[in-house]
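This briefing covers the strands, cores and selected residues of one protein chain. Please read it alongside the structure shown here.

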Amino acid sequence: MPLLIPDTTRATQFILANTGIHHPPHVAEIALHLADEAHDLWHKTEEELSEIGLPPPYWAFAWAGGQGVARYILDHPQAVQNKRILDFASGSGLVGIAALLSGASSVTANDIDPFARHAISLNSVLNKVSCDFSDADLIGQDVSNSFDVLLAGDVFYDKPMADRLIIWFDMLAAKGVQIIVGDPGRSYLPRHRLTELDVYSVPVTRALEDADVKRTTVWHYGETEKA
């Protein structure tokens, strides 16, 4: 079945019906509409979700990498203050919201999931901030004239994605875009291109991870100075 592309009313009703307002444990300053671990929908497999026309609801969880990046920029607001931010693979909008709360001049949340736009809109209202949204596949595009900083949480989760991102991130870093990545030890993280900024122990959703707490590192990507 083709993926559903919901209108605003239906998407909002769906999100509100299947989430509650929660504060991610490592970023308690921010409130998000997140799935309850006990809700049956979030225990369905990707195949079951596909059968009913729903993409996996990545936007409904505060992933460890995103919590790490959000915590870092809340604690180090100079990384984003007065800068134009691209929150890549935004999901719930957690990282972009943290950037706005830390003084970013603008944030564009980018995610190809049709539900993410609506989740991010709800979460932005919840935190009294406003960000732009793009559902374009930006990987490979030269966005260096539009953004000063790219923030990405938990994006090196499989090899095809990692291969695409490394080429893109290399290009953007060479053009002066500061790239900050949060990662809880995924297999395809290009460590040789990274400089460690900070390390956190992040409580996570047990249903999604292999532990209750993930050691999450925030990295600066590229050869330029740390952000």
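A right-handed β-α-β unit is made by β6, α6 and β7. The model is predicted, and its protein chain comes to six helices and nine strands. The points below start from the two strands of that unit and then move to the cores, D154 and helix α5.

**Whole chain**

- Of the 227 residues in the protein chain, 53% are buried.
- The chain exposes about 10500 Å², and carbon and sulfur atoms supply 50% of that area.
- When contacts between residues at least 6 apart in sequence are taken, 69% of them join residues at least 24 apart.

**Strand β6**

- β6 is largely enclosed by the rest of the structure, because five of its five residues are buried.
- V149, L151 and G153 point one way from the strand, while L150 and A152 point the other way.
- On one flank, β6 pairs with strand β3 (residues 84-88) in the parallel sense, over four bridges. In this pairing I85 stands opposite V149.
- β6 also pairs with β7, again in the parallel sense, over five bridges. Here the bridge partner of V149 is Q178.
- V149 therefore has a partner on either side in the bridge listing: I85 of β3 and Q178 of β7.

**Strand β7**

- Six of the six residues of β7 (residues 178-183) are buried, so the strand is largely enclosed by the rest of the structure.
- Both faces are covered: Q178, I180 and G182 lie on one side, and I179, V181 and D183 lie on the other.
- β7 pairs with strand β9 (residues 213-221) in the antiparallel sense, over five bridges. One bridge of this pairing joins I180 to H220.

**Nonpolar cores**

- The largest nonpolar core has 30 residues. Those with the most contacts inside it are Y72, I73, V80, I85, A99, L151 and I180.
- Elements that give two or more residues to this core are β2, α3 (64-75), α4, β6 (149-153) and β8 (194-203).
- Of these, α4 gives the most, with six residues.
- Apart from this core lies another, of 25 residues, which includes I139, F156, M161 and Y221.
- L151 of β6 is in contact with V69, I73, V80, I85, L86, D87, F88, V95, A99 and I180, leaving aside its neighbours within four places in sequence.
- Among these contacts of L151, I73, V80, I85, A99 and I180 are also on the list of residues with the most contacts inside the largest core.

**D154, after β6**

- D154 sits in the loop between β6 and α6 (159-174).
- D154 has a relative accessibility of 9%, so it counts as buried, the cut-off being under 20%.
- The side chain of D154 makes a polar contact with the side chain of R186, at 2.7 Å.
- With neighbours within four places in sequence left aside, the contacts of D154 are W63, A64, G65, G182, D183, P184 and R186.
- Two of these contacts, G182 and D183, are buried residues of β7.

**Helix α5 and A116**

- In helix α5 (residues 116-126), the buried residues are A116, H118, A119, I120, L122, N123 and S124.
- The cover over these buried residues includes α1 (8-18), β2 (32-34), α4 (94-101), β4 (106-110) and β5 (132-134).
- α4 thus appears in two places: it is part of the cover of α5, and it gives six residues to the largest nonpolar core.
- A116, placed in helix α5, has a relative accessible area of 0%; it counts as buried because the limit for that is under 20%.
- Residues up to four places away not counted, A116 touches W59, G91, D111 and F133.
- A116 and A89 are 27 residues apart in sequence, and their C-alpha atoms are 9.3 Å apart in space.
- K128 follows α5 and has a positive phi, near 60°.

How values were computed. Residues numbered from 1 in each chain as written. Predicted model: local features only at pLDDT ≥ 70, side-chain atom pairs only at ≥ 80, totals over all residues. Heavy atoms only, no water. Buried < 20%, exposed > 50% of the residue type's maximum accessible area, 1.4 Å probe, protein only. Contact = heavy atoms within 4.5 Å. Core = buried A, V, L, I, M, F, W, Y, C linked by side-chain atoms within 4.5 Å. Polar contact = N/O pair within 3.5 Å; in protein donor to acceptor, adjacent residues only side chain to side chain. Areas by Shrake-Rupley, 256 points an atom, 1.4 Å probe, with all protein chains shown as cover. Pairing = 2+ DSSP bridges. Right-handed = clockwise from strand over helix to strand, strands pointing away.
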